[in-house]
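Visitor: Please show me the model, and then let us go through its fold and its charges.

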Amino acid sequence: MTPTETLSISEELRERFAQANNVLVLTGAGVSAESGVPTFRGGGNTTVWKGMPFDVISSAGMIARDLPAVWEWFNYRRGLLAVLKPNPGHEAIAGWQTRFRDLTLVTQNIDGLHQAAGSHNVIELHGNIWRARCFECKARHHARELKFDNNVPVCFDCGGNLRPDVVLFGEMLPAGAFEAAAAKAHTCDLCFVVGTSAVVYPAASIPEIARGASAYVVEVNPERTALSDLCDEVLTGKAGEILPLFDQ
Ligand code: BJW
Ligand code: ZN
């Protein structure tokens with residue numbers, strides 16, 4: 001099937017949006033691009049850091065080999081994120097919470113900008129850069145409680161080494177997160193896929209599940225992606241420009 005590709009919202013989609021009860025939104029790095037967060041693929045100045053591609057530095061192997069380097073990388077990125085604000089794309093999605101009987105927001109992003117825009121109960125598939133967790137006792141700590149210097153931060157509870165509470169390549173997703181998202185994908189009637197290249201699994205399977213369960217699937221992205229052909233409609237453009245149009 002070839003999806004309809006438009007710069008504006010079709011009448012059919014406006015009607016479906018007006019009638020929808022159960023809506024699922026899957027977001028990726030592109031929804032935060034207009035806030036100034038670099039994407040992973042297709043540009044962005046953190047794609048390579050100190051000569052290492054992100055899938056090397058953000059990998060389970062690197063945690064095992066060089067935890068201080070992983071902390072240095074994440075400290076650098078927290079520094080970039082600290083001054084950034086949600087954009088109209090995040091805000092539009094947050095506004096949809098009161099518009100539908102059930103809105104499920106599933107994000108691959110670790111930046112916390114959806115929550116900063118007012119979204120609640122966000123399913124974070126890949127963790128959150130503002131949290132750390134203990135290797136030993138598994139306790140989670142907020143980054144603002146931690147002292148960052150050249151050493152690996154340690155747990156207040158047991159003194160064990162901490163790591164960023166994010167999901168790196170080759171690691172399992174947080175217990176229950178994918179299952180909760182997949183269950184909502186099975187029952188949603190409208191599914192938005194916003195700002196993701198849809199190449200990282202299992203996140204990319206969520207719209208596939210929704211489509212398989214007969215949901216109407218809409219992509220919002222300036223570029224075609226691995227998922228475009230599966231979608232019912234592709235809205236070609238920036239999330240911060242397209243998503244607010246639904247409220248006009
Ligand atoms: C705009 C825009 C604007 C620009 N508006 N849009 C099945 C097949 C093959 C491999 C696998 C498979 N299942 C699992 C795997 C392995 C692997 C995987 O998927 N690999 C593929 C890449 C081949 N998956 C995993 O390892 C996952 N774990 C797992 O499956 O556990 C089970 C297991 C364990 C062990 C062995 C086997 C299985 C974990 C994946 C964790 C991903 N982690 C990262 C890093 C997080 C930490 C960090 O930030 O450093 O998460 S990778 C990176 O990619 C990050 C993102 O969340 C993720 C997705 O990227 P995203 O969001 O799509 O961003 P981009 O940059 O790719 O795309 C941006 C898009 O925005 C573009 O399309 C732009 O056009 C668009 N855009 N401006 C709207 N204004
Ligand atoms: Zn601990």
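Guide: Accessible areas here come from the Shrake-Rupley method with a 1.4 Å probe. The model is predicted.

Visitor: What share of the area that the protein chain exposes do carbon and sulfur atoms supply?

Guide: The protein chain exposes about 11400 Å². Of this area, the part supplied by carbon and sulfur atoms is 52%.

Visitor: How many helices and strands are there, and how does the radius of gyration compare with the globule rule?

Guide: The protein chain holds nine helices and twelve strands. For 248 residues the globule rule gives 18 Å, so the chain is as compact as a globular protein of that length. Its radius of gyration is close to the rule, at 18 Å.

Visitor: What percentage of the residues counts as buried?

Guide: A residue is buried when its relative accessible area is under 20%. Among the 248 residues of the protein chain, the buried share is 51%.

Visitor: Among contacts between residues at least 6 apart in sequence, what percentage joins residues at least 24 apart?

Guide: A contact needs heavy atoms within 4.5 Å. Taking the contacts in the protein chain between residues at least 6 apart, those that join residues at least 24 apart make up 67%.

Visitor: How far apart are the centres of the positive and negative side chains?

Guide: The protein chain carries 21 positive and 28 negative side chains. The distance between the centres of these two sets is 5 Å.

Visitor: Which residue forms a salt bridge with R99, and how many residues apart in sequence are the parts that the pair ties together?

Guide: The closest N and O atoms of R99 and its partner D247 are 3.0 Å apart. R99 lies in the loop between α5 (88-95) and β5 (102-107), while D247 is in the segment after α9 (239-242), so the pair ties together parts separated by 148 residues. R99 is partly exposed at 41% relative accessibility. The partner, also at 41%, is D247.

Visitor: Which residue meets D102 in a salt bridge?

Guide: The N to O distance in this bridge is 2.8 Å. D102 is in strand β5 and its partner in helix α7 (residues 177-187), 82 residues apart. D102 is partly exposed at 24%, and the partner, partly exposed at 32%, is K184.

Visitor: Is E124 buried or exposed?

Guide: E124 meets R131 in a salt bridge of 3.3 Å, N to O, and belongs to a network with R131, R133, R140 and D165. R131 is partly exposed at 26%. The relative accessible area of E124 is 12%, under the 20% cut-off, so E124 is buried.

Key
Residues are numbered from 1 along each chain as its sequence is written. Chains are lettered from A and ligands numbered from 1 in the order in which they are written. This is a predicted model: local features need pLDDT of at least 70, side-chain atom pairs count only at pLDDT 80 or more; totals for chains, interfaces and linings use all residues. Side-chain values use heavy atoms; hydrogens and water are left out. Helices (H or I, at least four residues) and strands (E, at least two) are DSSP runs, numbered from the N terminus. The radius of gyration is taken over C-alpha atoms; the globule rule is 2.2 Å times the number of residues to the power 0.38. Buried means under 20% relative accessible area, exposed over 50%, partly exposed in between (1.4 Å probe, protein chains only). Lys and Arg count as positive and Asp and Glu as negative; His and the chain ends are not counted. The place of a charge is taken as NZ of Lys, CZ of Arg, CG of Asp or CD of Glu. A salt bridge is a side-chain nitrogen of Lys or Arg within 4 Å of a carboxyl oxygen of Asp or Glu.
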